[in-house]
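Trainee: I would like to learn how to read a structure like this one. Could you walk me through it, feature by feature?

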Amino acid sequence: MYSTYPTIPDLLVALVSGKIDTFCTDESTFKAMQRENGNIGRLKEAFDVSNYGVIFGKGENLDVQEKFNEYLSTQQENGRLDELREKWLKENEPEQTLIDYESLTGSRTLKMGINSGQKPYAYVKDGKYTGFDVELLADFASKYGYGLDIEDTEFNSVLAGVA
């Protein structure tokens, strides 16, 4: 039988209810899920180390991509990326407030596609999008004078949306 689980939360529900026996995810997502459901476990050893990236469309977004690469380099050097990793990707859910991305304005508005079921990277808390991805892009938009418009989508739709 073939079943589809379009989001990580759907996979978690399927796992806890016994519809599936296992699924793969990254360490940070596992920790976020375990905070809410202590009845899950994981392998003791990681079997893969994955790189993390931000996807941009080609053409008109080249200038934004170049600025984002510059931003990442600067934020790595000044320790801001380590602060974000410490805030979002550790054991406990952060209590700090996020940048008010809805009030960001500028000469151009960046449209960010997320899957709000991808805790701790992007999720909804208190009626607002939050998480590592959201704060990273909001911080970038703020520093470079962009507005930010967040569009929630299923992950399998993100690549089509970028294209």
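Mentor: Gladly. Keep in mind that this is a predicted model. Let us start with one residue, Asp 126, which is exposed, with a relative accessible area of 74%.

Trainee: Where is Asp 126 found?

Mentor: Asp 126 sits in the loop between β3 and β4. Look at its backbone too: phi is positive, about 55°, although Asp 126 is not a glycine. The two strands form a hairpin with two residues between them, and Asp 126 takes its positive phi there.

Trainee: How should I read the strands on either side of that loop?

Mentor: As a general idea, strands of a sheet pair through backbone hydrogen bonds, either parallel or antiparallel. Here, β3 and β4 pair in the antiparallel sense over three bridges. Tyr 123, for example, stands opposite Thr 130 in β4.

Trainee: Which strands make up the sheet, and in what order?

Mentor: It is an open sheet of three strands, ordered β2-β3-β4, with antiparallel pairing. β2 and β4 are the edge strands, each pairing on one side only. Between β2 and β3 there are two bridges, and Gly 117 has Tyr 123 in β3 as its bridge partner.

Trainee: How many residues does the hairpin from β2 to β3 pass through?

Mentor: Three residues join β2 to β3 in that hairpin. Pro 120 has its place in this loop, and a cis peptide bond, with omega of about 15°, joins Lys 119 and Pro 120.

Trainee: Does anything else in the chain touch that loop? Which residues should I look at?

Mentor: Look at Thr 29, which lies in helix α2, residues 27–36. Leaving aside neighbours within four places in sequence, Thr 29 is in contact with Ile 8, Gln 118, Lys 119, Pro 120 and Tyr 121. There is also a polar contact of 3.4 Å between the side chains of Thr 29 and Gln 118.

Trainee: Is Thr 29 buried or exposed?

Mentor: Thr 29 is buried, because its relative accessible area is 0%, and buried means under 20%. Other residues of α2 are buried as well, including Ser 28, Phe 30 and Met 33. The buried residues of α2 pack against α1 (8–16) and β2.

Trainee: How do I read a helix, then?

Mentor: An α-helix has 3.6 residues a turn, so residues three or four places apart point the same way. Helix α5, residues 132–144, lets you check a length. Its 13 residues should span 18 Å at 1.5 Å a residue, and its end C-alpha atoms are 18 Å apart, which agrees. Just after α5, Gly 145 takes a positive phi of about 75°.

Trainee: Why is α5 described as largely enclosed by the rest of the structure?

Mentor: Ten of its 13 residues are buried, so α5 is largely enclosed. Among the buried ones are Phe 132, Leu 136, Leu 137, Asp 139 and Phe 140. The cover over the buried residues of α5 includes the helices α3 (62–77) and α4 (80–88) and the strands β1 (109–114), β3 (122–125), β4 (128–130) and β5 (147–152).

Trainee: How does a buried helix like that fit into a core?

Mentor: In soluble globular proteins, nonpolar side chains tend to be buried together. In this model, the largest nonpolar core has 25 residues, and those with the most contacts inside it are Tyr 101, Phe 132, Leu 136, Phe 140, Leu 148 and Ile 150. At least two residues of this core come from each of α3, α4, β1, β3, α5 and β5. The largest share, seven residues, is supplied by α5.

Trainee: Which residues does Phe 140 touch?

Mentor: Not counting residues up to four places away in sequence, Phe 140 touches Val 64, Lys 67, Phe 68, Tyr 71, Leu 110 and Tyr 146. A second, separate core of nine residues includes Ile 8, Leu 11, Phe 23 and Met 33.

Trainee: And how do I step back to see the chain as a whole?

Mentor: Count the elements: there are six helices and five strands. Along the sequence they follow the pattern α-α-α-α-β-β-β-β-α-β-α. Of the 163 residues, 37% count as buried. Finally, of the contacts between residues at least 6 apart in sequence, 67% join residues at least 24 apart.

Definitions and conventions. Residues numbered from 1 in each chain as written. Predicted model: local features only at pLDDT ≥ 70, side-chain atom pairs only at ≥ 80, totals over all residues. Heavy atoms only, no water. Helix = DSSP H or I, 4+ residues; strand = E, 2+ residues; numbered from the N terminus. Buried < 20%, exposed > 50% of the residue type's maximum accessible area, 1.4 Å probe, protein only. Polar contact = N/O pair within 3.5 Å; in protein donor to acceptor, adjacent residues only side chain to side chain. Contact = heavy atoms within 4.5 Å. Expected span 1.5 Å × (residues − 1). Core = buried A, V, L, I, M, F, W, Y, C linked by side-chain atoms within 4.5 Å. Pairing = 2+ DSSP bridges.
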